Amino acid sequence: VSSAIALVTSLICISHRLLCAQSFSLEVSCRGLFIEEILSLFSTAAMVSATKKSRRSSTTAIPATPAAAVAASGTGSYESHGTSGRMLAEVLSHHLGPHLSQEDLLVCRLVCKDWCKWLPAERRVVVVRQVRLDENGDIPALTTIPLIFGAAHTVSLCISERILPDVLRTATMVLGTDIFYRRIKHLLLTSTSPLGSKSSTWPFGMPYWPVNLAGMQGLESLTFSGRSADADLLRTVAETCTGLTSLVLGLKHEETLAHSTSDQGSSLITRPTGIEAIVKLSSLRRLALTLEDSPWDWDEEELGASAQLMALAVLTGLTELRLGGAAVHAEAARVFLRAVQGLRCLALVFDALSGRLHERRELNLWKQLQHVELRLQGRVLESDIPLLALGLPANLKSLHLRSCTVSAYSLTALSSLNALTELSFDGWRLAGVPTGEADEYAISATVRSALVGLLAGPLGEGLQVLRMDLYDPSKDIYSAMPRLAETWAQGSLRVLHLVNTDGYSLCSTGALASLAGLSGLRDLRVSVKGQACRDDSALRAAWLPPNLTCLELVGVHLPCGEAELSQSGQQLLEANDFCLRRLGGAEDYSPASASQTRGSVQRQLREEPAAAAAADPVYGTWSGRGIVECRGHARLQRLQRLSLHACRYGCCSHLQEALGPLVMPQLTSLELDDVSGLSEADLSGLGALTSLTRLSVCALGHSNISSSSMVHVSKLVGLRQLRWHAGDSLDVPPHPETIKVRRFVVIAVCKTLLLHKGCISTLYP
């Protein structure tokens, strides 16, 4: 009785922690110590319920809360305590099941028969990380899903292109014959092979999906990611899935405008023959695809992107349309808007040949839209201002400028876009500046001032995503970065990309140090142009935004930034005096004043990272003969993705410590590409990052790294993607028994890495 009461009390405490938490989504995914605690209590409850079988009627409803379970069970007898323990465990299963990750749920359901039935009962989404074939050529996962997740309505399949098309087409026939899949509402098919992979058995450079979807009449949404569907498959979908309301081809719908067609590859586009099949899906409400650029020998009136857009006008029920890739003509866009009156979300690409976008009598066509995304390629921005400022001031959400011609007036006019949440621009040309004119510098200064005013105004405060290419002199906004950071800190900026920056300007102006106060920033990317960036730019770990989850640095050094000397005595005084000389100047230093100002300077270093930027670059890692304790590691604890390219990772000069689980416990993706100073000892810390699902190490030409470092990968049981380019032809390859990870989805190794037969069965060169 006492053990049962203790179990009930413990379960009530855990349920109270879960149900009363502010974030019920369980960001930790019930991992680590927490999942062990739950499994331990579940096991105890299983023993209690096995000892004393419940006499509760099978028609008894599941209580809504743990408190209701306790109140209903009572405390009057020995059997009632066993019943309450089982009922409370069932309630917790009812509440925890939807929030457990799929991997944790499959582990928890092995505890007993009751949890095998309870936990997956309410799971609606099932993801197969890697589709595998058995010896009979069947897909075991497709047979298991209906048995475990009988209530699921969404299935996601990740498929490798190494599977032969005929074999895959035969194995997926179950999708149309099994009654479970005939009522599936949402299907997501993702290709795990990289673009242009030489190991792919599918046709190269063309849309193609060898799957059998005939018979899936219940589908409401269908998504193809990594590759677009070919015309034959789209015809089958049009004939079978008559109730389809959502169709996404190639890329994710939010990426259709972020990437150009040249970057996407020809396998992601949708051919005109596929458009002919899509127009037969009269029930479509949401469509996202990438149009194909028209070759020079095509008839623009019959097969061009504009003609394809006008062909989609027969889908009068569309409420969302996202078209990437090829640019369309402005007149074709107006014809489409006149035909589809119920459209609310639109994403299009216009280039220099698209014609005039602004027609005063057609402005109402644009005003009826609620969400608009535009990518302008090679256009004169000033000519499009009438449409942006008059027709789209309240509904333009995303604007991408690619190689446009800008002026100070056009940038200032963009401030009227009150609803804009995403802005990106690459290199641009200045309007009214012939090549070689002496006043080019003055015009650049005017444009730079207008850009700073735009980003520091109300538009900058409302931005959530900002991507900037700062290569041009007219975008030299480094000295204004503290002012911009103050504006962004008051807004909702989540993603910030600074591309092609100048390393010296970043270091001398303290631009990166001003980003430390952006508590809402989640994704930060900084890349520096040129080879000198390895020594001229530094982003200290202590200056990182506190809640950053994704960090990518290209040519940027990442030292500690803040150090705390723990040794007392004369060495500590000498270290502090050294820092005082660097910050205050040698002419103002004296031993008498040092003791009075030492505390204020150290406080300034902690509270104002920009002051540390002006100090000597070696301050963050200089320790004399004392012990340095890094306080910048706290800014790395929330990182989930880290990418370092062509830089030096010197956080306290302890890479092994920085890559350990105590510093970055939530890291799932890590890229180390041409990181100087990397050694075998540093890579030994990789084995502790048990949450890693993606790892990329490129260290060709590094004499202190050999292929034997791959043995550390065997500890990463959750790893799904591996890219390992290290070592040379003289290295001794690792023994197959040392590499125990067998669940790779994608693996890429350098040509010089010789693997024994049977070590890794799937290679992507």
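This is a tour of selected side-chain contacts, strands and a surface patch in a predicted model.

**Stop 1: the aromatic cluster**

Select Trp202, Tyr208, Trp209 and Phe224, which ring pairs link into a cluster. The structure as a whole holds five aromatic pairs. Begin with Trp202 and Trp209: the ring centres lie 5.2 Å apart and the planes meet at 65°, so this pair is edge-to-face. Both Trp202 and Trp209 are buried.

Keep Trp209 selected and turn to Phe224. Here the centres are 5.9 Å apart and the planes stand at 45°, so the pair is tilted. Where in the chain do Trp209 and Phe224 lie? Trp209 belongs to the loop between strand 3 (186–191) and strand 4 (221–225), while Phe224 is in strand 4, so the pair ties together parts that are 15 residues apart in sequence. Trp209 has a relative accessible area of 2%, and Phe224 has 0%; with the limit for buried set at under 20%, Trp209 is buried and Phe224 is buried.

**Stop 2: strands 5, 6 and 7**

Next select strand 6 (residues 286–291). Is strand 6 mostly covered or mostly uncovered? Five of its six residues are buried, and the strand is mostly covered. Add strand 5 (residues 246–250), which runs parallel to strand 6 and is joined to it by three bridges. Within this pairing, Ser246 stands opposite Arg286 of strand 6.

Then add strand 7 (residues 320–325), which pairs with strand 6 in the parallel sense over six bridges. Leu291 has Gly325 of strand 7 as its bridge partner. Gly324 also lies in strand 7; this residue is buried, at a relative accessible area of 0%. Show the C-alpha atoms of Gly324 and Thr290: the two residues are 34 apart along the chain, and their C-alpha atoms are separated by 4.5 Å.

Stay here and show the side chains of Arg286, Glu320, Arg322 and Glu373, which salt bridges link in a network. Arg286 is the residue already met opposite Ser246.

**Stop 3: salt bridges elsewhere**

Side chains of opposite charge can pair when their charged atoms come close. How many salt bridges does a search of the whole structure find? The count is 16. Three further pairs are worth selecting in turn.

Start with Arg334 and Glu331, whose closest N and O atoms are 3.1 Å apart in a salt bridge. The two residues are three apart in helix 16 (residues 330–339), a separation of about one helical turn. Arg334 counts as buried at 5% relative accessibility, whereas Glu331 counts as partly exposed at 35%.

Move on to Arg525 and Glu552, a salt bridge with its closest N and O atoms 3.6 Å apart. Arg525 is in strand 16 (residues 523–528) and Glu552 in strand 17 (residues 550–554), so this contact ties together parts that are 27 residues apart in sequence. Arg525 is partly exposed, with 27% relative accessibility, and Glu552 is partly exposed as well, with a relative accessible area of 23%.

Now select Arg694 and Glu671, whose side chains meet in a salt bridge at 2.4 Å from N to O. Arg694 sits in strand 24 (residues 694–699) and Glu671 in strand 23 (residues 669–673), so the pair ties together parts that are 23 residues apart in sequence. Arg694 or Glu671: which is buried, and which is partly exposed? Arg694 is partly exposed at 31% relative accessibility, while Glu671 is buried at a relative accessible area of 15%.

**Stop 4: a charge over a ring**

Select Lys475 and Trp428. The charged end of Lys475 sits over the ring of Trp428, at 4.7 Å from its centre.

**Stop 5: a surface patch**

Finally, switch to a surface view and select Leu133, Leu164 and Val167. What do Leu133, Leu164 and Val167 form on the surface? These residues make a nonpolar patch, with about 220 Å² of accessible area together. Leu164 is located in the loop between strand 2 (154–159) and helix 8 (165–171). At 48% relative accessibility, Leu164 counts as partly exposed.

How values were computed:
Residues numbered from 1 in each chain as written. Predicted model: local features only at pLDDT ≥ 70, side-chain atom pairs only at ≥ 80, totals over all residues. Heavy atoms only, no water. Phe/Tyr/Trp six-rings, centres within 6.5 Å; stacked < 30°, edge-to-face > 60°. Buried < 20%, exposed > 50% of the residue type's maximum accessible area, 1.4 Å probe, protein only. Helix = DSSP H or I, 4+ residues; strand = E, 2+ residues; numbered from the N terminus. Lys NZ or Arg CZ within 6 Å of the ring centre and 35° of its normal. Salt bridge = Lys/Arg side-chain N within 4 Å of Asp/Glu carboxyl O. Pairing = 2+ DSSP bridges. Patch = residues over 30% accessible without salt bridge, like charges linked within 9 Å, V, L, I, M, F, W, Y side chains within 5 Å. Areas by Shrake-Rupley, 256 points an atom, 1.4 Å probe, with all protein chains shown as cover.
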